[in-house]
Amino acid sequence: MQVTPHVYRHHIEEDVESFGAMHPGGSNIYFVGSPQDRMAIVDTGEHYRDWTYGILDYHQKLGKPRISCILISHGHGDHVGGLDRIQEATGAPVRCHPKLAPRLEKALGPGVVVKIGDKESIALGGGASVAALYTPGHEDDHICYYLAADSVMFTGDTVLGSSTGTVRHLGEYMRSLELLASYNPARVFPAHGGLVEDGAARIRSYIAHRNEREQQVLAALRKGLADVYDIVDDVYPKDLRRNLREAAARNVRTHLAKLVEEGRVAESEPRYVLK
Ligand SMILES: [Zn+2]
């Protein structure tokens, strides 16, 4: 479905039984440019035959425009799964972060993968181009793409449509969010979930949410709480489900790691107990 002058969205709803919890709101593959000219594909989804055929069918429906390149947001399996067959079917070069390039080169062979430079401008077709923005945090090799012509930020897994994502490195993640906010995009088009029409506001709400969480973690530390799970109990609702409690603990750990890195919190020797 065409969603802005240069963007066509192929949405993949997921079987709630098998994927519902993994990708809230489904997944999005974007075709960007002009169907009468050339287009880029942003990400290639999970490695399932019906996903890949769905993407290639959509390409057919658009009139099979030449694919100028396949842009990768990051190297997680749900973003590069169909890459092998989609690259073969389109013959398009694959563009990705230098940290991801060796792995994709190994999978696809020589001469196919072209590294992207930070802030590089990439022409897509139909007079449209995107700026590639290195945005580590969710993952080291993450790139967001800004399509100025439509004021669209393709955020991959850095900002999602229907939930908050996981973060590997919170300090870098916060800097990446600030960078995205500085472009003041009207729209955020994420890899998962719905399209966001108040893009800049969504990015700022992500920043505010993480800052608020940091304040809560600091407040717990001030109370003398020193154990991750004690901090989780202090910061999160008491009736948190077990699997969510694990996710909350991971989240608290990323906050603590950021605070340690900033020299605001000291980590003492871990304690050991028999299982
Ligand atoms: Zn993902």
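**View 1. His 79 and its partners hold the zinc ion.** With a relative accessibility of 1%, His 79 counts as buried, a word used for residues under 20% relative accessible area, while exposed means over 50% and partly exposed is in between (1.4 Å probe, protein chains only). Asp 78 is buried too, at 13%. This is a predicted model, in which local features need pLDDT of at least 70 and side-chain atom pairs count only at pLDDT 80 or more, while totals for chains, interfaces and linings use all residues. Residues are numbered from 1 along each chain as its sequence is written, and side-chain values use heavy atoms, with hydrogens and water left out.

Which atoms coordinate the zinc ion? They are OD of Asp 78, NE2 of His 79, OD of Asp 157 and NE2 of His 192, at 2.1 to 2.2 Å. Donors here are N, O and S atoms within 2.8 Å of the metal (3.2 Å for Na, K and Ca); water is not among the atoms, so sites may look incomplete. Along the sequence, the donor residues follow the spacing D-H-x77-D-x34-H. The angles among the 4 donor atoms run from 84 to 155°, and the site is irregular. Four donors would count as tetrahedral if all angles lay between 85 and 135 degrees; four count as square planar and six as octahedral if opposite donors are over 155 degrees apart and all others between 65 and 115; anything else is irregular.

**View 2. The largest cavity holds about 40 Å³ of space.** A cavity is a set of points, on a 1 Å grid over the protein atoms alone, where a 1.4 Å probe fits but cannot get out; lining residues have an atom within 4 Å of a point. Grid points are joined across faces, edges and corners, and the volume is the space filled by probe spheres set on the points. Look for Tyr 30, Val 42, Phe 154 and Phe 189, which are among the lining residues. Strand 11 (152–156) gives the most to this lining, with 3 residues. Strands are DSSP runs of E with at least two residues, and helices are runs of H or I with at least four, numbered from the N terminus.

**View 3. The second largest cavity holds about 30 Å³ of space.** Its lining includes Asp 78, His 79 and His 192, three residues that also coordinate the zinc ion. Strand 3 gives the most to this lining, with 3 residues.

**View 4. Glu 139 and Arg 168 form a salt bridge.** Their closest N and O atoms are 3.0 Å apart. The two residues sit in distant parts of the chain, 29 residues apart: Glu 139 in the loop between strand 9 (128–134) and strand 10 (143–147), Arg 168 in the loop between strand 11 and helix 6 (170–182). A salt bridge is a side-chain nitrogen of Lys or Arg within 4 Å of a carboxyl oxygen of Asp or Glu. Is each partner buried or exposed? Glu 139 is buried at 11%, whereas Arg 168 is exposed at 55%.

**View 5. Glu 214 and Lys 258 join helix 7 to helix 9.** Their side chains meet in a salt bridge of 2.6 Å, N to O. Helix 7 covers residues 199–222 and helix 9 covers residues 242–261, with the pair 44 residues apart. Glu 214 is buried at 7% relative accessibility, and Lys 258 is buried at 10%. Both belong to a network of salt bridges with Glu 262 and Arg 264.

Conventions
On a 1 Å grid over the protein atoms alone, a cavity is a set of points where a 1.4 Å probe fits but cannot get out, and a pocket is an open set with protein on both sides within 12 Å along at least five of seven lines; lining residues have an atom within 4 Å of a point.
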